[in-house]
Amino acid sequence: MIDQARGGDLLDALANLVTDFDGDRLVALFAERAELRPDPFADLVLGRNDIRAYWASAVDAMGQPEVTVERHWVSGDTVLASWHASYVSADHSRTRLAGFVTIELVDGSIERLKVWSSRRSSAGF
């Protein structure tokens, strides 16, 4: 069972890994056979190594990323959170996202992470 404070710490750690990627710190949060669903319609990313590669690729495509967790809830071993983020794309457009995430823990490690988001881009400079 996870408490509210630990849930907030976990979300902060994940947000920091978007702005300051470290593959070792990332995989340390996940169970060996963890699942990442980056979008409800995207393919499932399975296992620490594939999650690390997916996350590294996604972060590499983001310039000046910012992530804010707006509010979070904890129920048993599940953390739920609303969030928003922004980054600059290679074409210099600013992309803004807002969404919701669910994180299911087993023995303190992330077993399942699911993300839903809405995206909007603005013209580059």
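These questions and answers look at the sheet, its helices and the largest pocket of a predicted model.

Reader: What makes β3 and β4 a pair of strands?

Author: Pairing needs at least two bridges. Strand β3 (residues 63-75) and strand β4 (residues 78-88) are joined by 10 bridges. They therefore count as paired. They run antiparallel, and H72 stands opposite A81 in β4.

Reader: What links β3 to β4?

Author: A hairpin with two residues between the strands. G76 sits in the turn, with a positive phi of about 65 degrees.

Reader: Why is the pairing of the sheet called mixed?

Author: Strands can pair either parallel or antiparallel. Here β3 and β4 run antiparallel, whereas β1 (residues 30-37) and β6 pair in the parallel sense over four bridges. In that parallel pair, R37 stands opposite K114 in β6. The order of the open sheet is β2-β1-β6-β5-β4-β3.

Reader: What makes β2 and β3 edge strands?

Author: Each pairs on one side only.

Reader: How do you know that α3 packs on the sheet?

Author: Contact means heavy atoms within 4.5 Å. α3 touches β1 and β2, and its direction makes about 45 degrees with that of β1. α1 lies across β1, β3, β4, β5 and β6, at about 165 degrees to β3.

Reader: What lines the largest pocket?

Author: The pocket has a volume of about 660 Å³. Of its 27 lining residues, V18, W55, M62, W83 and V115 are the closest to its centre. Elements giving two or more residues include α1, α3 and β5 (94-106).

Reader: How do the lining residues divide into nonpolar, polar and charged?

Author: 22 are nonpolar, two polar and three charged.

Methods:
Residues are numbered from 1 along each chain as its sequence is written. This is a predicted model: local features need pLDDT of at least 70, side-chain atom pairs count only at pLDDT 80 or more; totals for chains, interfaces and linings use all residues. Side-chain values use heavy atoms; hydrogens and water are left out. On a 1 Å grid over the protein atoms alone, a cavity is a set of points where a 1.4 Å probe fits but cannot get out, and a pocket is an open set with protein on both sides within 12 Å along at least five of seven lines; lining residues have an atom within 4 Å of a point. Grid points are joined across faces, edges and corners, and a volume is the space filled by probe spheres set on the points. Ala, Val, Leu, Ile, Met, Phe, Trp, Tyr, Cys and Pro count as nonpolar, Asp, Glu, Lys and Arg as charged, and the others, Gly among them, as polar. Axes are lines fitted to C-alpha atoms, for helices over the stretch in contact, and angles run from 0 to 180 degrees between N-to-C directions.
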